[in-house]
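This report goes through one protein model, from single loop residues to the chain as a whole. Please keep the sequence and the structure open while reading.

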Amino acid sequence: MTITPQIQATPTLAARRHRFSAFLIDSLIFYVMASPIYLLPAEEVEASDGSILADYLNPYAGDPNWPIQVAVTVLLAVYFWLQHALWGQTPGKRLCRLKVVSGATGEPPGLRHAGIRALVYPVLTSAPYLGVFLNVVDTLWIFGDPKRRCLHDVVAGTIVVDLEGPGRKGFGGPGFLLGLGAILAVGVAVALVSVLMAR
């Protein structure tokens, strides 16, 4: 009797456009969920003495509302950390049929690796003056890496795979379009409510 060893199929790496679509969906979901934080009373910010570029590159300098920005950044990291650790997917990745897995095991990354992955982005972007540049490096890393990984994937030892396999076209089919439409509708509704409350 011959026992044939089971060969694990090589996972299909996620297309860059699908990863970008998932990121857009997750960003919309997160900022709609976090929008009440921006409705908290905030101190008036005086006009800056520096240039617009300097303010953009070092956003926390002289901003009395920096705790709000830090809170949103922490919540964003937790949003990605817990979902990737537990399921390997966020709502955006589910709609786009993608999954974050350990590059070594092919399983969801777990709390430690998902935590590392979730922390790279806020740590890079919060660096004064270099944050914007480091964020661009993190994002563009996907074009030079043979496994289509962003820098945060390289640091955490993760890859993003396509659950539908090779040959998929479009952005995930009807489920993606339905989800994107629903998210955009909720976003518009929240924006309208915010405008009406501001009056």
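## Loop residues with positive phi

Arg148 sits in the loop between α6 and α7. The model is a predicted one, and in it Arg148 has a positive phi of about 55° although this residue is not a glycine. Most residues other than glycine have a negative phi. Arg148 counts as partly exposed because its relative accessibility is 30%, and the partly exposed class runs from 20% to 50%.

Arg97 also has a positive phi, near 60°, and is likewise a residue other than glycine. Arg97 is placed in the loop between α4 and β1. With a relative accessibility of 33%, Arg97 counts as partly exposed.

## Salt bridges

Side chains of opposite charge can pair when their charged atoms come close. A search of the whole structure finds 4 salt bridges. The table gives three pairs with the N to O distance of each.

| Pair | N to O distance |
|---|---|
| Asp153 and Arg19 | 2.7 Å |
| Arg149 and Asp145 | 3.0 Å |
| Glu164 and Arg97 | 3.6 Å |

What does the salt bridge between Asp153 and Arg19 tie together? Asp153 lies in helix α7 (residues 151-156) and Arg19 in helix α1 (residues 16-38), so the pair connects parts that are 134 residues apart in sequence. Asp153 and Arg19 are both buried.

The salt bridge of Glu164 with Arg97 also links distant parts of the chain, with the two residues 67 apart. Glu164 is in the loop between β2 (158-162) and α8 (174-198), while Arg97 is in the loop between α4 (91-96) and β1 (98-102). Glu164 has a relative accessibility of 41% and therefore counts as partly exposed. Arg97, at 33%, falls into the partly exposed class too.

Are Arg149 and Asp145, which meet in a salt bridge, buried or exposed? Arg149 has a relative accessible area of 18%, which is under the 20% limit, so Arg149 is buried. Asp145 counts as buried at 9%. Elsewhere, salt bridges that share partners join Arg19, Arg117 and Asp153 into one network.

His152 is found in helix α7. Not counting residues up to four places away in sequence, His152 touches Arg19, Arg117, Val120 and Asp138. Two of these, Arg19 and Arg117, belong to the salt-bridge network with Asp153. His152 has a relative accessible area of 13% and is therefore buried.

## Packing of α5 and α6

Helix α5 (residues 110-125) and helix α6 (residues 131-144) have axes that come within 7 Å and cross at roughly 145°. On the α5 side the contact is made by Tyr121, Leu124 and Thr125; on the α6 side it is made by Gly131, Leu134, Asn135 and Asp138. Sorted by class, the contact comprises 3 nonpolar, 3 polar and 1 charged residues. Asp138 of this contact is also among the residues that His152 touches.

## A nonpolar surface patch

Which residues form the nonpolar patch on the surface? They are Trp66, Val70, Val74, Val78, Leu82, Leu86, Trp87 and Leu111, and together they have about 730 Å² of accessible area. Helix α3 (residues 66-86) gives the most to this patch, with 6 residues. Val74 lies in helix α3 and has a relative accessible area of 47%, so Val74 is partly exposed.

Gln69 is found in helix α3 as well. At 30% relative accessibility, Gln69 counts as partly exposed. The C-alpha atoms of Gln69 and Ile37 are separated by 9.3 Å, with their positions 32 residues apart along the chain.

## The chain as a whole

The protein chain has 8 helices and 2 strands. Read from the N terminus on, its elements run α-α-α-α-β-α-α-α-β-α. Of the 199 residues in the protein chain, 33% are buried. Among contacts with a separation of 6 or more, 70% are between residues 24 or more positions apart. The exposed area of the protein chain is about 12,500 Å², and carbon and sulfur atoms supply 69% of that area.

Technical notes:
Residues are numbered from 1 along each chain as its sequence is written. This is a predicted model: local features need pLDDT of at least 70, side-chain atom pairs count only at pLDDT 80 or more; totals for chains, interfaces and linings use all residues. Side-chain values use heavy atoms; hydrogens and water are left out. Patches are made of residues with over 30% relative accessible area and no salt bridge: like charges are joined within 9 Å, nonpolar side chains (Val, Leu, Ile, Met, Phe, Trp, Tyr) within 5 Å. Accessible areas come from the Shrake-Rupley method with a 1.4 Å probe; for residues, only the protein chains shown count as cover. A salt bridge is a side-chain nitrogen of Lys or Arg within 4 Å of a carboxyl oxygen of Asp or Glu. Helices (H or I, at least four residues) and strands (E, at least two) are DSSP runs, numbered from the N terminus. Buried means under 20% relative accessible area, exposed over 50%, partly exposed in between (1.4 Å probe, protein chains only). Axes are lines fitted to C-alpha atoms, for helices over the stretch in contact, and angles run from 0 to 180 degrees between N-to-C directions. Contact means heavy atoms within 4.5 Å. Ala, Val, Leu, Ile, Met, Phe, Trp, Tyr, Cys and Pro count as nonpolar, Asp, Glu, Lys and Arg as charged, and the others, Gly among them, as polar.
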